[in-house]
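Here is a short report for a first look at this protein. Keep the structure open while reading.

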Amino acid sequence: MMMASGEEEEVVSIISNKQVVLRDHHVTGYLKESDMCMSISTITLKVPHNSKGVLVKNLYLSCDPYIRGHTKNIQGGYADQYFKTGSPIIGYGVAKVLDSGHPDFKKDDLVWGFTGWEEYTLITETESLFKIHHTDVPLSYYTGLLSMPGMTAFTGFYEICSPKKGEYVFVSSAFGAVGQIVGQLAKLLGCYVVGSAGSKEKVDLLKTKFGFDEAFNYKEEKDYDACLKRYFPEGIDIYFDNVGGKMLDAALLNMRLHGRIAACGMISQYEFDEPEGVHNLFNIITKRVQIQGFMVFDYYHLYSNFLGIMIPYIKAGKIVYEEDITEGLESLPAALVRLFSGKNAGKAVAVIARE
């Protein structure tokens, strides 16, 4: 690229850029590693002239269940908004700014937000890009505890569920990136908390590490209604739903009067081409249950409030977090598939580079 007269020529590097891409736009049936593949493109290490984009080097990439929803052709879904065949998968990550045309971000800033499953990304939509100010906690926390999953737990519990001390709280997929935080926030408020998870090891950790009052392995329960009655003989005030399906149906039978359900995720349904129905909806009427779906993007204006509460909790040891860390872009397809078999051991995150 030539500069104006009297100035030296600017040398702009163009380098290879390894990516994880979808083979096909819509994935039917169970997601497999072979539905994704590695690809190599090139990228210019300079933001285009007059662009307000931000060029980043990805350091940590987050692997989350909602990504499966992006790959499905479902009514009311949003696959077309995020994925194009042959383009990198889009998700949350932690990155270092290499170049910026945006006034809020400068070279060497650390940021978290939507980025690509690739080594380098030019981010042109910066509305959900946040500068990292607190670097005295692990940077990987900004893929989970201090980013989208943490905000999802925080806003879903406080803004949607309006909890009160002493209430009975049930969290499904409680060992997941969101569920483990919801349970701890509920305990800090003084609630009775029960979580479901998919293995004995996870159930034990929910009680010993995260402080849940009780937990159970949903894979060992043949009758979810009977199971919930065993753990909640007086009923459930708050159900933080991450799974949908049969567990939601059973929870509806066990809600107390004026109970609240935060509809956060439907991980039990993401692999089905035809989702299961919910049959006990009449309980919403008779028990005056409030059930509300939500998207975390609607609450990002509360992020500074969230940090003001969570950072002190982390430093005081009142909130702990379990991560399942893998190395390299190549590890991401297997990590995503593991989420749907319950084989992950905490928040799934891949290390791409260490600055």
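## A short antiparallel pairing

β5 and strand β7 (residues 130–131) pair in the antiparallel sense, over 2 bridges. One bridge partner in β7 is Lys131, which pairs with Val111. The model shown here is predicted.

β5 also has strand β4 (residues 90–100) as a partner. These two pair in the antiparallel sense too, over 7 bridges. Ala95 stands opposite Val111 of β5. How many residues of β5 (residues 110–116) are buried? The count is 7 of its 7 residues, so the strand is mostly covered by the cut-off of under 20% relative accessible area.

## The protein as a whole

The protein has 10 helices and 15 strands. It holds 355 residues, and 54% of them count as buried. Take the contacts between residues at least 6 apart in sequence. Of these, 70% join residues at least 24 apart.

## The six-stranded sheet

Strands of a sheet pair through backbone hydrogen bonds, either parallel or antiparallel. Here, an open sheet of 6 strands shows parallel pairing. Its order is β10-β9-β8-β11-β12-β13. The edges are β10 (214–217) and β13 (290–293). Each has a single partner strand, so one side of each is left without a neighbour in the sheet. From one strand to the next, the twist averages 15°.

Look at the β10 edge. Strand β9 (residues 192–197) runs parallel to β10, and 4 bridges join them. Gly195 has Ala215 of β10 as its bridge partner.

## Helices on the sheet

Helix α7 (residues 245–253) packs on the sheet. It touches β8, β9, β10, β11, β12 and β13. The direction of α7 makes about 155° with that of β12.

Helix α3 (residues 148–160) lies across four strands: β8 (168–171), β11 (236–241), β12 (255–263) and β13. It runs at about 150° to β11.

## Helix α4 and its neighbours

Is helix α4 (residues 179–189) mostly covered or mostly open? It is mostly covered, with 8 of its 11 residues buried. The buried residues are Gly179, Gln180, Ile181, Val182, Gly183, Gln184, Leu185 and Ala186. They pack against α3, β8, β9, β11, α9 (303–315) and β15 (347–351). Gly190 follows α4, and its phi is positive, near 100°.

The axes of α3 and α4 lie 9 Å apart, and the two helices pack at an angle of about 45°. They are therefore oblique to each other. The crossing of α3 past α4 is right-handed. On the α3 side, the contact is made by Pro149, Gly150, Ala153, Phe154, Phe157 and Tyr158. On the α4 side, Ile181, Val182, Leu185, Ala186 and Leu189 take part.

## Nonpolar cores

The largest nonpolar core has 98 residues. Which residues have the most contacts inside it? They are Trp112, Trp117, Tyr142, Leu145, Leu146, Tyr239 and Leu336. A second, separate core has 8 residues, including Val56, Val111, Ile123 and Leu129. Val111 thus appears again: it belongs to this second core, and Lys131 is its bridge partner in β7.

Tyr239 deserves its own look. Leaving aside residues up to four places away in sequence, Tyr239 touches Phe170, Ser172, Met247, Leu248, Ala251, Met255, Arg260, Ile261 and Ala262.

Definitions and conventions:
Residues are numbered from 1 along each chain as its sequence is written. This is a predicted model: local features need pLDDT of at least 70, side-chain atom pairs count only at pLDDT 80 or more; totals for chains, interfaces and linings use all residues. Side-chain values use heavy atoms; hydrogens and water are left out. A nonpolar core is a set of buried Ala, Val, Leu, Ile, Met, Phe, Trp, Tyr and Cys residues joined through side-chain atoms within 4.5 Å. Buried means under 20% relative accessible area, exposed over 50%, partly exposed in between (1.4 Å probe, protein chains only). Contact means heavy atoms within 4.5 Å. Two strands pair if DSSP finds at least two bridges between them. Axes are lines fitted to C-alpha atoms, for helices over the stretch in contact, and angles run from 0 to 180 degrees between N-to-C directions. Angles under 35 degrees count as roughly parallel, over 145 as roughly antiparallel, 65 to 115 as roughly perpendicular and the rest as oblique. A crossing is left-handed if the near helix is turned anticlockwise from the far one by less than a right angle, and right-handed if clockwise.
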